[in-house]
Amino acid sequence: VARAHGVAAMTLLALVLAVLWHSRVTAPGLHRRARILLAVVLAQGLIGYVQYFTDVPVLLVAAHILGATLLWITVVALHVGSLPARGSGAASASPDRPVPELVGT
C-alpha cells in the first residue's frame, strides 16, 4: 500500500511540474498557484517519508491528514484559477486568463 501511495504521489509531483513548465510564460497567475501547489506537495511528501521511517507516529498522521486537506485546497485553487473569466467578453478577462476563442464564430 505504501508503494502504491508513493507511485501516486510521484505521479502527482510529475503532473505539477508539467503544469509549472507549461504555465511559466503563458499564465503567470496559474504559475503562481502551481508553485504554491508544488510547495504543498513537497511538504506533504516530507511528512510522508518521515512518517514511514518513524513507524507512523500519531502526531505525524494528523499532520499528514492536514497536509492532504491543504493539498486538496491548493488543487482546487489551481483548477479554479485555470477556468476562463466569467462575465461579458474580453472586458472581464484578466491578463492571467485569456478569453477562450469560440469554435465556429
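Rings of Phe, Tyr and Trp (its six-membered ring) form a pair when their centres lie within 6.5 Å; planes under 30 degrees apart make the pair stacked, over 60 edge-to-face, and the rest tilted. The model is predicted, with local features needing pLDDT of at least 70 and side-chain atom pairs counting only at pLDDT 80 or more, while totals for chains, interfaces and linings use all residues. Residues are numbered from 1 along each chain as its sequence is written, and side-chain values use heavy atoms, leaving out hydrogens and water.

**Exercise 1. Find the aromatic pairs in the whole structure and classify each by its ring geometry.**

Step 1. A search of the whole structure gives two aromatic pairs. In Tyr-49 and Phe-53 the ring centres are 6.4 Å apart and the planes meet at 10°, so this pair is stacked.

Step 2. Place that pair on the chain. Both Tyr-49 and Phe-53 belong to helix α2 (residues 28-53), four residues apart, or about one turn of the helix. Helices here are DSSP runs of H or I with at least four residues, strands are runs of E with at least two, and both are numbered from the N terminus.

Step 3. Now take the other pair. Tyr-52 and Phe-53 have ring centres 5.1 Å apart and planes at 80°, so they are edge-to-face. Tyr-49, Tyr-52 and Phe-53 thus make up one aromatic cluster.

Step 4. Check the exposure of the three rings' residues. Buried means under 20% relative accessible area, exposed means over 50%, and partly exposed lies in between (1.4 Å probe, protein chains only). Tyr-49 is partly exposed at 49%, Tyr-52 is exposed at 53%, and Phe-53 is exposed at 62%.

**Exercise 2. Which residue has its charged end over the ring of Trp-21?**

Step 1. Set the criterion: NZ of Lys or CZ of Arg must be within 6 Å of the ring centre and within 35 degrees of the ring normal.

Step 2. Apply it. The charged end of Arg-24 sits over the Trp-21 ring, 3.7 Å from the centre.

**Exercise 3. Describe the fold of the protein chain and test the helix lengths of α2 and α3.**

Step 1. Count the elements. The protein chain has three helices and zero strands, in the order α-α-α along the sequence.

Step 2. Work out the expected span of a helix, which is 1.5 Å times one less than its number of residues. For α2, with 26 residues, that gives 38 Å, and its end C-alpha atoms are 38 Å apart, which agrees.

Step 3. Repeat for α3. Its 25 residues reach 36 Å from first C-alpha to last, close to the 36 Å expected.

Step 4. Look just past α2. The helix is followed by Asp-55, whose phi is positive, near 60°.

**Exercise 4. Which residues make up the largest nonpolar core, and which element gives the most to this core?**

Step 1. Recall what joins such a core: buried Ala, Val, Leu, Ile, Met, Phe, Trp, Tyr and Cys residues, linked through side-chain atoms within 4.5 Å.

Step 2. List the members. The largest core has 12 residues: Leu-13, Val-16, Leu-20, Ala-27, Leu-30, Ala-34, Leu-37, Leu-38, Val-40, Val-41, Leu-71 and Leu-78. α1, α2 and α3 are the elements giving two or more residues to this core, and α2 gives the most, with six residues.

Step 3. See what the helices pack against, taking contact as heavy atoms within 4.5 Å. The buried residues of α2 pack against α1 (2-26) and α3 (58-82), while the cover over the buried residues of α3 includes α1 and α2.

**Exercise 5. Trace the surroundings of Leu-30, Leu-38 and His-64, leaving out residues up to four places away in sequence.**

Step 1. Begin with Leu-30 in helix α2, which is buried at 18% relative accessibility. Leu-30 touches Ser-23, Leu-78, Gly-81 and Ser-82. The C-alpha atoms of Leu-30 and His-79 are separated by 8.8 Å, although the two are 49 residues apart along the chain.

Step 2. Turn to Leu-38. Its contacts are Leu-13, Val-16, Leu-17 and Leu-20.

Step 3. Finish with His-64 in helix α3. His-64 is buried at 17% and touches His-5, Gln-44, Ile-47, Gly-48 and Gln-51.
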